Amino acid sequence: MSEEPSPPKSIALSCHLVDLTTSARQEMKQSANKQAEVLQRAHFMYVLSCSDGTLYTGYTTNVEQRVIVHNAAKGAKYTRGRLPVELVAQISFATKHQAMSAEYRFKRLTRPQKEALLERMCDSSSADVAAFLLE
């Protein structure tokens, strides 16, 4: 005769596995919710390099998706005739107002000033550049 495993051990083991799975799911949901909250709070100013060598600056809450939209010729009218575009820089801000203010200030710079600021973004922290754009 073959021996069957004792029921209490089997039941305890399956309950333990269910508890771990439920706990893991709850932790994953909480982590995903926190990431979603952070993404919802993030506001970006971004700079694109167009195929004709010009720069385009915009505001978004999802930079990756926005670049895809631009390259699908469904973004700004300016970029539609200058495809493909490539992301050059992005800076995150706590509020939409800050990001749009930075975008406005960046757009008012001359081309050499924009290039110098973009180099500075590569060499230093984006916090320095963000502070400059919000002055």
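This note comments on one sheet of a predicted model and on the elements around it.

1. Overall arrangement. The sheet is open and consists of three strands, placed in the order β2-β1-β3. Its pairing is antiparallel. The strands at the edges are β2, residues 55-60, and β3, residues 86-93, and each of these pairs on one side only. On average, neighbouring strands are turned by 20° against each other, with direction ignored.

2. Pairing of β1 and β2. Strand β1 covers residues 43-49. Six bridges join β1 to β2 in the antiparallel sense. Two pairs of facing residues help the reader to follow this register: Met45 stands opposite Tyr59 of β2, and Ser49 stands opposite Leu55 of β2.

3. The hairpin. Between β1 and β2 the hairpin has five residues. Within this hairpin, Gly53 adopts a positive phi near 90°.

4. Burial of β2. Are the residues of the edge strand β2 mostly covered or mostly uncovered? The strand is mostly covered, as six of its six residues are buried. A residue is called buried when its relative accessible area is under 20%.

5. The two directions of β2. Side chains in a regular strand alternate between the two faces of the sheet. In β2, Leu55, Thr57 and Tyr59 point one way, while Tyr56, Gly58 and Thr60 point the other way. Both sets are buried.

6. The helix across the sheet. Helix α5 comprises residues 111-123 and lies across β1, β2 and β3. With respect to β3, helix α5 runs at about 70°.

How values were computed. Residues numbered from 1 in each chain as written. Predicted model: local features only at pLDDT ≥ 70, side-chain atom pairs only at ≥ 80, totals over all residues. Heavy atoms only, no water. Pairing = 2+ DSSP bridges. Helix = DSSP H or I, 4+ residues; strand = E, 2+ residues; numbered from the N terminus. Axes fitted to C-alpha atoms, helices over the stretch in contact; angles between N-to-C directions. Contact = heavy atoms within 4.5 Å. Buried < 20%, exposed > 50% of the residue type's maximum accessible area, 1.4 Å probe, protein only.
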